[in-house]
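Reader: Could you take me through one part of this model up close, a single helix and whatever it sits against? After that, feel free to wander out to the rest of the chain.

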Amino acid sequence: MFIDKQSPIPMYHQIMENLKKQIEDGTLSPDTLIPSEREYAERFGISRMTVRQALSNLVNEGYLYRQKGKGTFVSRKKFEQPLQGLTSFTEDMRQRGLKASSHLIDFKRIACPEHLRPALQLSNSDTVYELKRIRLANDEPMAIETSYIPETFAGDFTKAHLTGSLYEYIENNTGLAIAHAKQELEANVASKEEAHLLSISTGTPVLSIARTTYFQNDLPFEFVLSVYRGDRYKLIHTMER
């Protein structure tokens, strides 16, 4: 890394660009411990405040992360999640060349909760399957999903059907094609329980998504609440004028 003190480009920005390049070209691999603020300051003969500004900006941009008492490390590359397409988690990971798996936390058949009846167009006598899972990519926890599927669409639904794509099972069981979804997104922080399930620290940023999914005939068949790790996901949306 080279810092040009005569350049009109601020030194903190030069440090940022140098580190970004090393991260993006693989010179610095994920989870690598980088030198401390003091080491960088002594190496380049600059103030620790300048180094701190550069590293803090890179932490905020997701290139680095800090562990208390251990230092600053290179972040793993975030998954880019397009907002235009509709795929299940299993289908999404398969397209990325990753192995999708799940850890089932809860699976039961219940009366449809009152607050979900309007979204699923159900009455108080209708039942749904409630399943709560940790979704993993290459055995790394990525998200917590709590899904509600009307029994009328799930058929003879058992835990064994959760080994593959839920969407594929629903389409095969009903003969109906899944068409579109409506979802709401919120930035949040991980609760103690969520942090434990996702192997992150309490208070870590997470992305909360509430989604209702529909067949081609506009009939809703799923309501799902998801909590995604903010350090591993970023959303991509293409807009045209």
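Author: Let's fix one term before anything else: a residue is buried when its relative accessible area is under 20%, exposed when that figure is over 50%, and partly exposed in between. Keep in mind too that this is a predicted model. By that cut-off, 39% of the 241 residues in the protein chain count as buried. The chain's secondary structure comes to eight helices and ten strands, and 58% of the contacts with a separation of 6 or more are between residues 24 or more positions apart.

The helix I'd pick is α2, residues 37-44, where Glu37, Tyr40, Ala41 and Phe44 are buried. These four sit on the same side of α2, because they cover an arc of only 100° around the axis. The general background is helix geometry: an α-helix has 3.6 residues a turn, so residues three or four places apart point the same way. Turn α2 round and, on the face away from its buried side, you find the exposed residues Glu42 and Arg43.

What does the buried side of α2 pack against? Its buried residues meet α1 (11-24), α3 (48-60) and β1 (64-67). Just past the helix comes Gly45, with a positive phi near 65°.

That packing leads on to the nonpolar cores. The largest one has 17 residues, and Ile15, Leu19, Ile34, Val51 and Leu64 are those with the most contacts inside it. Helices α1, α2 and α3 each supply at least two residues of this core. In general, nonpolar side chains in soluble globular proteins tend to be buried together. Ile15 is a good one to click on: leaving aside residues up to four places away in sequence, Ile15 touches Met1, Ile3, Ile46, Thr50, Val51 and Ala54. Apart from the largest core lies another, of 15 residues, which includes Tyr129, Leu131, Ile149 and Ile178.

Now for a charged residue. Arg211 belongs to strand β8 (residues 205-215), and Arg211 is buried yet has no salt bridge. Why doesn't Glu222, the nearest side chain of opposite charge, make a salt bridge with Arg211? Glu222 is 4.5 Å away, and a salt bridge needs a side-chain nitrogen of Lys or Arg within 4 Å of a carboxyl oxygen, so the pair does not qualify. Arg211 does have a polar contact of 2.9 Å, side chain to side chain, with Tyr167.

A couple of backbone oddities are worth a look as well. Most residues other than glycine have a negative phi. Asp139, though, has a positive phi near 70°. Asp139 lies in the loop between β5 (127-137) and β6 (140-150), and its 54% relative accessibility makes it exposed. Ser199 also has a positive phi, near 60°. You'll find Ser199 in the loop between α8 (192-198) and β8, exposed with a relative accessible area of 55%.

One last stop is Thr158, in the loop between α6 (151-154) and α7 (166-174). At 31% relative accessibility, Thr158 counts as partly exposed. Thr158 is 50 residues from Lys108 in sequence, while their C-alpha atoms are 9.4 Å apart in space.

Methods
Residues are numbered from 1 along each chain as its sequence is written. This is a predicted model: local features need pLDDT of at least 70, side-chain atom pairs count only at pLDDT 80 or more; totals for chains, interfaces and linings use all residues. Side-chain values use heavy atoms; hydrogens and water are left out. Buried means under 20% relative accessible area, exposed over 50%, partly exposed in between (1.4 Å probe, protein chains only). The arc is that of the directions from the helix axis to the C-beta atoms. Contact means heavy atoms within 4.5 Å. Lys and Arg count as positive and Asp and Glu as negative; His and the chain ends are not counted. A polar contact is a pair of N or O atoms within 3.5 Å; within protein, one must be able to donate a hydrogen and the other to accept it, and residues adjacent in sequence count only if both atoms are side-chain atoms. A nonpolar core is a set of buried Ala, Val, Leu, Ile, Met, Phe, Trp, Tyr and Cys residues joined through side-chain atoms within 4.5 Å.
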